Every structure is written in structure tokens, then in C-alpha cells.
Amino acid sequence: MESLLILVPLAAAMGSFLAPGRGIASWGFLTSLVIPALAAGTAMDVYQNGARRVSLGGWAEPLGIHLHMDGLSVIFLLMTALGGALVSIYSAFFFDRESARHFWPLWLLMWAALNSLFMISDIFNAYVVLELVTICAAALAVLSGKTESLQAGLRYLLVAMAGSLAFLMGVGFLYAETGMLDMFMQSGELQGGPVSAAAFGLMTTGLIMKSALLPFHFWLPPAPGEAPAPVSALLSALVVKGSFFLLLRLWVGVFEPAGITYHGAYFLGCLGVLAVLWGSYQALIQPRLKLIIAYSSVAQVGYLFLMFPLLCTVPEAPWAEKAWAGGPYQAISHGLAKAALFLAAGNLILSTGTDRIHYMKNIASRLPMTTFTLGLAGISLMGLPPSGGFVAKWMFMQAILESGQWWWAVAPVLGGLLTAGYVFRILGHAFLLAEKEVRMLPVPFVLEKIPLILALCSILIGFRAEEVIFLLQEHMLWTLELEGTP
Amino acid sequence: MHGFYIYAVTAMLLFCLGLFGLVSHKNLLRKIVALNVMAGGVFLFFISIANLDPSGGVDPVPQAMVLTGIVVAISLTAFALCLARRIHEKTGQNELDTSCSIEGEDR
């Protein structure tokens, strides 16, 4: 069943590439029906029976390639399945035939790559899959063919390529030290000397370049800001999460046991706080809706990095469980809310022809559903109860207070305030009456409903916190011992 | 063992040289070539660690990784060159617009 999660989108990508006829969207429909079912099945299985591994092709460790499923992977798989399926249905009604011919193969291939990234257990394959995600994402970003989007796409590609090469160099160091590639077997082998430290530094730098943490955030706002709405949603909600997932796996699973994460964790925490503040401030002053949403991604990604100083500085800390649950929760709720916001922004552009917020007056009475979506997704971003964003920030706050590292509280508190600022700035314009009547086109039924469902999901996952936390705390599998060795 | 250090240090130098080229040059073609120099450094490093086996044999795994890595690097380079050519066709420039046109007027 696990290999089907990769095989189905891969086959559909090939199908849509080879048969780009009138029914090209049906490949996407098919995938978006099958994948959530498969992901839910895998999640149920892990929920009931615990983490497990599948060897592909029957090769044993350490040479064989394995799929590794535990609480963390199924949560990211489920988020990708839910977000991806809804964005797929939206895209089926959004793109004209010419763009659809390019969109579907790329997106389905990226879906396959993301699913395998969340289940991968060896670091070299992780590199290959990350590159696959990168190349699909860059190609999707230039889909509109405008000069700005070409430049944004190339900028992203250059940053991501440099990041991947740094990561690959780190893979080399890890291999030199441990003689293995499976990250679940490496954890006990690292000695914590200079070679481990070099691998740690290189891999971390590479991955934060790809997940757009503050000094490397410059590629993030233009890329989704210039792309078509479904592509922006996918880039901001899912692609960034892929490299964050890998970073989390490596830090907590491989480097933290080797005891080399202490200073790096504080450093990443500081960058995270700066990203929250800077991204939110930039979002406050942007003139265009899509750029507001894109800068808000910079800020929301910053929250994720608060996990590291709470998790990786004090071994066996009592607050680590809360921080550990907060991060993935933030990733899911941000993913869903951000997809909802970008799709709603896409609807506004379809209707009014622009996304400058000065022209967005009186949309509350003309497009009530879209305005409602913006509000709901905004609630999740701000972290108001009972949304998913609230659960995440609540967990973070508890962990911060328990750990006594109170200075991190700046990010959730000030960040929440600034987020409220830019969400109300959008909504405030939406309720203003326009001086002169602006022509607005009607938005098709499905295009209005999909973002609403996404926004509702990002609120509703706040009610399922118990299961998610159970998966994250009980069903993790971090280390693996070779049979026959003590 | 001696040979290992020569290759490994050269690999690091190539990597750093490529990184320096990537950030210091504005011309897109130079940036893409610089990335390939970086990639060359990484691949050389992998080849050099294949020799680390104390029994004197050569480890085949890093070499397999280098082969895959070369394929990945070639396809990414081809794609980046394509984009650079498109940008050149559209704007007549070989550089990325650093002034960030995203804040400009909407068309």
C-alpha cells in the first residue's frame, strides 16, 4: 500500500504526459481520489499497529532501499493528500487546456516525489527526491511564462540547487563517518567529531536554504507571488514543508543523539524569531494580496524553527513532547490555511482582474464566500482558538514557559499580533464601500467552495489534536539496529 | 590515505570556489557554471571517500551515488539554461533583475 502512494501519482503523471487530450484533468481527479484513501489507510495502520518499515525489492539493510512509516511521516502524508487533492480539484476547473497540459504532469510528479520524501529512509535518495521536488516546483513557478515569473523561477532554482549541493556534500561526510546511508541506522554511529559537525552544518544550511528560513527567504515571496493561484498554493503550502520535514528528521533522529546540535539549535531559533517578525512586517506593508500571503509564509515558516531550541538543547527535557507536537501541527495548519488563502486570492483575481488590495473594496458583499474564506484562514494563521494554528501556538507557548527559555515567546506573541494586523488589513478593505462601481465577474461554484473547504479543514484539525499528538508521541521509530549486531 | 587528503581538500576548494562564483557573479551563465563547479567538487569528494576502505578495496556505493548525482546535475543545469535563455529572449539581459519588479505596477 505504501509503494502505491508513490506509484499512483507517478503513473498518473506519465499518463497525463503521454495522453494530454481533453480528459487530462481526469488523471488528476483519479489521483486525488486514490491518494487520500491510501494515505488514510496507511495512517490508520500506523495508528493501530505502530511504526513500520517496508523493504523495496526485498534487499536487506544496509544496502537496500526502505520506506519508513511512523507518526511524523503519516501526518505529513495526510496533509499533502488533503491539500493536494483539494488543490487538484480546484486546478481542474482553473486552467485552460494549454496550461493544463503542462500543469498536470509536473504537479503529479511533484506529488509522487513529496510522498516518497515523507517515507524515505536513506539520505542519498532523500537528496534525489528533494531535487525532483525542486525541479517540478521551479517548472510550475514559470508556468505563466511572464518575465517576472521566469526570473522568480530561476532565482528559486539557483538557490535550491546550491542548497542541494551543500546537502549532498553533507551526505558525503555522513557516509565517510558512518559507512551507511540509512538515517535510522546512522544515529548511533556518529562520533560527534569534526566530520559529524561538518555534515551537520552543510546539511542544515542546504535544507534551510530550501525551506526559506530568514536569510534565504528572498526567493519565496516572488515565486508564488507571480505564479497562477493553484501553483502558489502548492509552492507555499507543500514544497517548503518537504525540506523542513527532512531537516526535522535529521536533527532529532541523527544529529541530536550525537550531541552536536546545541549551538545550532539556538541559532536556528533566533533566525526563526527574526523570520516571524520580518515576514509579518513585510506582509503588513505589501500592496498586493498575493505578496501579503507570500510574506506571511516567510513568517509562518519561522515558527517551525522554534522547535529546534526547545527540542535539541537539553536532552530528555520534560517539555520536549509539547514542542515536538507543536511543530508538525503548525506545519499542517499553515499548509491548509495558506492553500486556502492563495486559492481565495486566485478567485479575487479571476473576478476583479487584480490583486492590489486598494481595488479590493466591497468584495464582502459581492464575493461573500471568498471573503469568509479569507477570514477563516486568517483565524488559523493568527492562532485563535479553536483552529489548528491555535493548538500549535499553544503547544509552543507551553513548551517555552516550561523550559524557561522565555525569550522565544516574543515570536508567538508579537507574531500573532502582526498576523492579526495584516489579516485585518485585508478584511478591512474587503468591507469598505467602493466609491465607484468596479466590474466583477462571477466566480464558478467549485472554485469558490474548494478554498472554503481548505480553510474549514485548517480550523477543524484543531479538534483532532489528540490523535495527532498520539501519533507523534507514541508511534515514532528513530533508531534501527542491524540484525546480528548488539 | 595520503591521496585521500589531496583529493578531499581539492574537492572542498572546488566547492568553495563554485560557491564564491555563484554569489559574486551577476551574469546568469556564470552563475550556472559556478554551480557546476560546486557540483564537481561534491562529486570529487564522493570519489575520494570511496578510497577510505582500510582493507584497500574500493567502496562502490559512493561511485554509484556520483553517477546519479551527475544525472541530476545535468538535468538541473539544462533546465536552468533554458530559463536563462528565455529571460534573455524576453528582456535582452543576462542578469536577474535585483530591483525586484514584483512591486511594480500591475499590467
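Reader: How much area do chain A and chain B bury between them, and what share of it is on carbon and sulfur atoms?

Author: About 3700 Å², with 78% of it on carbon and sulfur atoms. Buried area here is the accessible area (1.4 Å probe) that two parts lose on being put together, summed over both. Mind that this is a predicted model, where local features need pLDDT of at least 70, side-chain atom pairs count only at pLDDT 80 or more, and totals for chains, interfaces and linings use all residues. Residues are numbered from 1 along each chain as its sequence is written, chains are lettered from A and ligands numbered from 1 in the order in which they are written, and side-chain values use heavy atoms, with hydrogens and water left out.

Reader: Which elements give two or more residues to the side of chain A that touches chain B?

Author: They are α5 (123-141), α6 (147-178) and α9 (222-226) of chain A. Helix α6(A) gives the largest share, 20 residues. Helices (H or I, at least four residues) and strands (E, at least two) are DSSP runs numbered from the N terminus.

Reader: What makes a residue part of the contact between the chains, and how many are there on each side?

Author: Heavy atoms within 4.5 Å make a contact. That brings 40 residues of chain A together with 47 of chain B. On the chain A side they split into 26 nonpolar, seven polar and seven charged. In that sorting Ala, Val, Leu, Ile, Met, Phe, Trp, Tyr, Cys and Pro are nonpolar, Asp, Glu, Lys and Arg charged, and the others, Gly among them, polar.

Reader: How many salt bridges and how many polar contacts does the rule find across the interface of chain A and chain B?

Author: Zero salt bridges, and two residue pairs in polar contact, both at pLDDT 80 or more. A polar contact is a pair of N or O atoms within 3.5 Å; within protein, one must be able to donate a hydrogen and the other to accept it, and residues adjacent in sequence count only if both atoms are side-chain atoms.

Reader: What makes the pair R52(A) and E2(A) a salt bridge?

Author: The rule wants a side-chain nitrogen of Lys or Arg within 4 Å of a carboxyl oxygen of Asp or Glu. R52(A) and E2(A) have N to O at 2.2 Å, so the pair passes. It links distant parts of the chain, from strand β1 (residues 52-55) to helix α1 (residues 2-18), 50 residues apart. R52(A) also meets D45(A), at 2.6 Å.

Reader: Why is E2(A) called buried and R52(A) partly exposed?

Author: Buried means under 20% relative accessible area, exposed over 50%, partly exposed in between (1.4 Å probe, protein chains only). E2(A) has 5%, so it is buried, while R52(A) has 28% and therefore falls in between. D45(A), at 18%, is on the buried side too.

Reader: How do you know that E131(A) and K210(A) form a salt bridge, and where do they sit?

Author: Their N to O distance is 3.4 Å, which is within the limit. E131(A) is in α5 and K210(A) in α8 (residues 194-210), 79 residues apart. E131(A) is buried at 5%, and so is K210(A) at 6%. Back at R52(A), shared partners join E2(A), D45(A) and R52(A) into one network. Over all chains, the structure holds 11 salt bridges.

Reader: Why is S88(A) called buried, and what does it touch?

Author: S88(A) has a relative accessible area of 1%, so it counts as buried. It lies in helix α3 (residues 71-94) of chain A. Leaving out residues up to four places away in sequence, S88(A) touches G28(A), S32(A), W104(A), W107(A) and W111(A).

Reader: What makes H102(A) partly exposed?

Author: Its 39% puts it in the middle class. H102(A) is in helix α4 (residues 97-119), and a polar atom of its side chain lies 3.4 Å from the backbone oxygen of E98(A).

Reader: Which residues touch the most other members of the largest nonpolar core?

Author: M110(A), L154(A), L250(A), F305(A) and F308(A), out of 221 residues. Helix α6(A) gives the largest share of this core, 19 residues. A core is a set of buried Ala, Val, Leu, Ile, Met, Phe, Trp, Tyr and Cys residues joined through side-chain atoms within 4.5 Å. Setting aside neighbours within four places in sequence, the contacts of F305(A) include I208(A), F244(A) and L268(A).

Reader: What is the secondary structure of chain B, and what share of its residues is buried?

Author: Three helices and zero strands, with 36% of its 107 residues buried.
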